[in-house]
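Reader: Hey, I've just opened this one and don't know my way around yet. Could you walk me through it?

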Amino acid sequence: MNALAATNRNFRHAARILGLDSKLEKSLLIPFREIKVECTIPKDDGTLVSYVGFRIQHDNARGPMKGGIRYHPEVDPDEVNALAQLMTWKTAVANIPYGGAKGGIGCNPRDLSISELERLTRVFTQRIHDLIGIHRDVPAPDMGTNAQTMAWILDEYSKFHGHSPAVVTGKPIDLGGSLGRESATGLGVVFATESVLAEYGKSISGMKFVIQGFGNVGSWAAKLIHDRGGKVVAVSDITGAIKNPDGIDIPALLRYKESNASLKEFQGADSMDPNDLLVHECDVLIPCALGGVINKENAADVKAKFIIEAANHPTDPEADEILSNKGVVILPDIYANAGGVTVSYFEWVQNIQGFMWEEEKVNCELKRYMHKAFHDIKAMCQIHNCNLRMGAFTLGVNRVARATTLRGWEA
């Protein structure tokens, strides 16, 4: 099932549980605005090339829209639509005053030079500058984009609107980026994991973890789990998978990956088939890579007791049912990976105030938001007698529906 179908299904289920009016339900599903623009740039050799850029703005009932910009050759409109919608529910679950958006450009950033990427980013910003803004829509980095991309957007946007550091988040620190943003999603995953384990009288220390994906989120999560006494027994990324039943030395692995750009042939662990990673023996499984990796084919063989969804939509709805019947506790993506957007919110707040925080304050506030969101989800689970995924969806959808109704959507 694709991301959009799965997200819509979860939304409709939550709407049924909440008893939402059918007209309101339909209104909440339809995006507020879809933007599609043509971006033509001169390449370094002087030839002209055109790309299609787009931005889907899903909902702004609770505040400005928020979401990443990705540069990827296969940008699927359905997937972007689903991700924009997920951002609406995610920001509501975290209780930060945003709605959802998502966008990008259909290009392969690896095929473009730095100067070509800069020109493309500036042209894209020129096309959408009057549709984004500090109190309208605040982009952030996503696949294929980074802090430098945000710096170019900020500079181009400021030519039209004056110095506006709060127009994007995930910026370089020197241009008003927040301390703690780099580790935010991984740290949020760890706070979320602590919350759910505490519910079962357990803690990270001494538990066995398997982590799929060793990019920004996976590597930070692994490091922080290792620091808290957890045993990471297997990890994987696009270069391969490794395991060590006694626990991998994560600081050594991070140093190895830094110098070799690969997990292969790391001395402190044995290589394994990446396809076996998700069904490897462990207490906690953390998928940090792609969507749809846990499906009806492998769900029955998953040995973990807890799954923490650090990736977007890693578990198919069919797998959800199989795992629930086995008693596996799944912490849903719209809560588990909300650390990134929460610290993006802190960055935006700091920029608007013109007053920057210490990293300790950023992390302390993140912990408070993640723990509070978990307790709010648990309360919804008790009221509606549902699992954590529906607890999170009902919490998010209910907050957006209430804001929409209070603003008078039928007038």
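**Aromatic pairs and binding-site residues**

Author: Sure. Keep in mind that this is a predicted model. A place to start is Tyr 335 and Phe 374, which are both buried.

Reader: Okay, and how many aromatic pairs are there?

Author: The count comes to 11 aromatic pairs. In one of them, the ring centres of Tyr 335 and Phe 374 are 6.1 Å apart and the planes meet at 40°.

Reader: Why is that pair called tilted?

Author: Planes under 30 degrees apart would count as stacked and planes over 60 as edge-to-face, with the rest tilted. The angle for Tyr 335 and Phe 374 is 40°, so the pair is tilted.

Reader: And where do Tyr 335 and Phe 374 sit along the chain?

Author: Tyr 335 is in helix H10 (residues 333-336), while Phe 374 belongs to helix H12 (residues 359-384). They are 39 residues apart, and the pair links distant parts of the chain.

Reader: Which residues form an aromatic cluster?

Author: One cluster is made of Tyr 98, Tyr 345, Phe 346, Trp 348, Trp 357 and Tyr 369. Trp 357 also has a charged neighbour: Lys 361 lies over its face, 4.6 Å from the ring centre.

Reader: Switching topic. What does UniProt list for "binding site"?

Author: An unreviewed UniProt entry lists Thr 185 and Asn 216 under that name. They span 32 residues in sequence, yet their C-alpha atoms are no more than 8.3 Å apart, so they gather at one spot.

Reader: Is Thr 185 buried or exposed?

Author: Thr 185 is buried, with a relative accessible area of 14%. That value falls under the 20% cut-off for buried. Thr 185 is in helix H6 (residues 184-199). Not counting residues up to four places away in sequence, Thr 185 touches Val 217, Asn 337, Gly 339 and Gly 340.

Reader: What about Asn 216, where is that?

Author: Asn 216 is in helix H7 (residues 216-227). Asn 216 is partly exposed, at a relative accessible area of 34%. Its side chain reaches the backbone oxygen of Glu 182 at 3.0 Å.

Reader: Which other residues does UniProt place under "binding site"?

Author: Lys 66, Lys 90 and Ser 344 carry that feature in UniProt, again from an unreviewed entry. These residues are spread over 279 residues of sequence but cluster in space, with a largest C-alpha distance of 12.9 Å.

Reader: Which of these residues is in the lining of the second largest cavity?

Author: That lining includes Lys 90. Lys 90 is in helix H3 (residues 77-93), and it is buried, with a relative accessible area of 6%.

Reader: So what is Lys 90 in contact with?

Author: Leaving aside neighbours within four places in sequence, Lys 90 is in contact with Asn 312, Asp 333, Ile 334, Asn 337, Ala 338 and Val 341. You've met Asn 337 already, since Thr 185 touches it too.

Reader: Last one. Is Ser 344 buried or exposed?

Author: Ser 344 is buried, with a relative accessible area of 2%. Ser 344 is in helix H11 (residues 339-353). Beyond neighbours within four places in sequence, its contacts are Lys 66, Tyr 98, Thr 169 and Arg 181.

Reader: What does the side chain of Ser 344 do with Arg 181?

Author: The two side chains make a polar contact, at 3.2 Å. Lys 66, another contact of Ser 344, is listed with Ser 344 under "binding site" in that unreviewed UniProt entry.

Notes: Residues are numbered from 1 along each chain as its sequence is written. This is a predicted model: local features need pLDDT of at least 70, side-chain atom pairs count only at pLDDT 80 or more; totals for chains, interfaces and linings use all residues. Side-chain values use heavy atoms; hydrogens and water are left out. Rings of Phe, Tyr and Trp (its six-membered ring) pair if their centres lie within 6.5 Å; planes under 30 degrees apart count as stacked, over 60 as edge-to-face and the rest as tilted. Helices (H or I, at least four residues) and strands (E, at least two) are DSSP runs, numbered from the N terminus. Buried means under 20% relative accessible area, exposed over 50%, partly exposed in between (1.4 Å probe, protein chains only). A charge sits over a ring if NZ of Lys or CZ of Arg is within 6 Å of the ring centre and within 35 degrees of the ring normal. UniProt positions are given in the numbering used here, feature names are shortened, and annotations may be inferred rather than shown by experiment. Contact means heavy atoms within 4.5 Å. A polar contact is a pair of N or O atoms within 3.5 Å; within protein, one must be able to donate a hydrogen and the other to accept it, and residues adjacent in sequence count only if both atoms are side-chain atoms. On a 1 Å grid over the protein atoms alone, a cavity is a set of points where a 1.4 Å probe fits but cannot get out, and a pocket is an open set with protein on both sides within 12 Å along at least five of seven lines; lining residues have an atom within 4 Å of a point.
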